[in-house]
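Here is a short note to read alongside the structure. Take the points one by one and find each residue as you go.

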Amino acid sequence: GGYGGGGGGDDDDAGDAMAAVLGDHPPMQRSASQSRTNERLTALLDDIEEETREMREAVQALMATKARLASALSRCLEGADIDACERVDRIDLRARGHHIAALLSSVTVVVSTARSEAQARAYEAAGKVVESLRAGVSDVDAKLAAAGAAGTAGAGAAAAAELVPTATALLRRVRLAAAAVDAEREGAKDERFQRLVLECALED
């Protein structure tokens with residue numbers, strides 16, 4: 001007896017799980033009218049879900065646009081070019097820049113993601129991995145720049161040589177992490193990072 005027809009083993013487990021979900025509800029017996037209504041509502045929900053996802057993508061694009069504009073504005077107001085301008089022009093340019101900054105700050109674009117506790121933990125852990133890789137790349141870049149400034153011989157060459165093992169190990173970590181989120185890539189992958197990504201919410 002029971003749901004699933006007594007197929008044994010996994011089938012019994014699946015039947016027990018479904019029975020727990022269904023509780024004591026009687027078997028489903030739709031009339032033709034109920035089937036049509038169910039199909040219509042299902043199609044409507046499909047359309048709403050698709051439009052919702054499209055809306056999220058559009059808003060995320062707006063978030064990226066706002067961040068890009070804010071970065072460009074910051075470079076414009078703080079770069080060497082504006083310092084090279086005549087004093088009165090600098091005042092006018094900065095005043096206009098501050099006005100644009102106020103306009104940007106008046107726009108609030110937020111996309112939140114609904115996560116279970118497990119998904120939130122996975123997202124936080126995956127974020128720490130990504131941040132660790134980003135910090136490692138920034139650190140190597142800074143040290144390489146310092147070594148380059150010291151010259152191609154002597155201390156500069158020695159400092160660059162010392163970075164080779166670190167940079168090689170970091171590049172391997174980055175490649176393994178990238179492979180973990182690329183379903184078409186074969187070979188070694190960061191399996192721990194891959195598990196974290198798979199445990200995240202779909203939107204993440």
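1. Start with Leu-45. Leu-45 sits in helix H2, which covers residues 32-78. Keep in mind that this is a predicted model.

2. Is Leu-45 buried or exposed? Leu-45 has a relative accessible area of 55%. Exposed means over 50%, so Leu-45 counts as exposed.

3. Leu-45 also belongs to a nonpolar patch on the surface. Its partners there are Leu-41, Leu-44 and Ile-48. The patch measures about 370 Å².

4. Now look at Asp-46, which lies in helix H2 too. Its relative accessible area is 44%. Partly exposed covers values between 20% and 50%, so Asp-46 is partly exposed.

5. Which residues gather with Asp-46 in a patch of negative charge? They are Asp-47, Glu-50, Glu-51, Glu-54 and Glu-57. This patch is on the surface.

6. Turn to Glu-203. Glu-203 is found in the segment after helix H7, and that helix spans 191-199. Glu-203 has 37% relative accessibility. That value lies between the limits of 20% and 50%, so Glu-203 is partly exposed.

7. What does Glu-203 touch, leaving aside neighbours within four places in sequence? Glu-203 is in contact with Arg-53, Arg-56 and Thr-113.

8. Finally, compare Glu-203 with Glu-57, a member of the negative patch. Along the chain, Glu-203 and Glu-57 are 146 residues apart. In space, 9.9 Å separates their C-alpha atoms.

How values were computed: Residues are numbered from 1 along each chain as its sequence is written. This is a predicted model: local features need pLDDT of at least 70, side-chain atom pairs count only at pLDDT 80 or more; totals for chains, interfaces and linings use all residues. Side-chain values use heavy atoms; hydrogens and water are left out. Patches are made of residues with over 30% relative accessible area and no salt bridge: like charges are joined within 9 Å, nonpolar side chains (Val, Leu, Ile, Met, Phe, Trp, Tyr) within 5 Å. Accessible areas come from the Shrake-Rupley method with a 1.4 Å probe; for residues, only the protein chains shown count as cover. A salt bridge is a side-chain nitrogen of Lys or Arg within 4 Å of a carboxyl oxygen of Asp or Glu. Helices (H or I, at least four residues) and strands (E, at least two) are DSSP runs, numbered from the N terminus. Buried means under 20% relative accessible area, exposed over 50%, partly exposed in between (1.4 Å probe, protein chains only). Contact means heavy atoms within 4.5 Å. Lys and Arg count as positive and Asp and Glu as negative; His and the chain ends are not counted. The place of a charge is taken as NZ of Lys, CZ of Arg, CG of Asp or CD of Glu.
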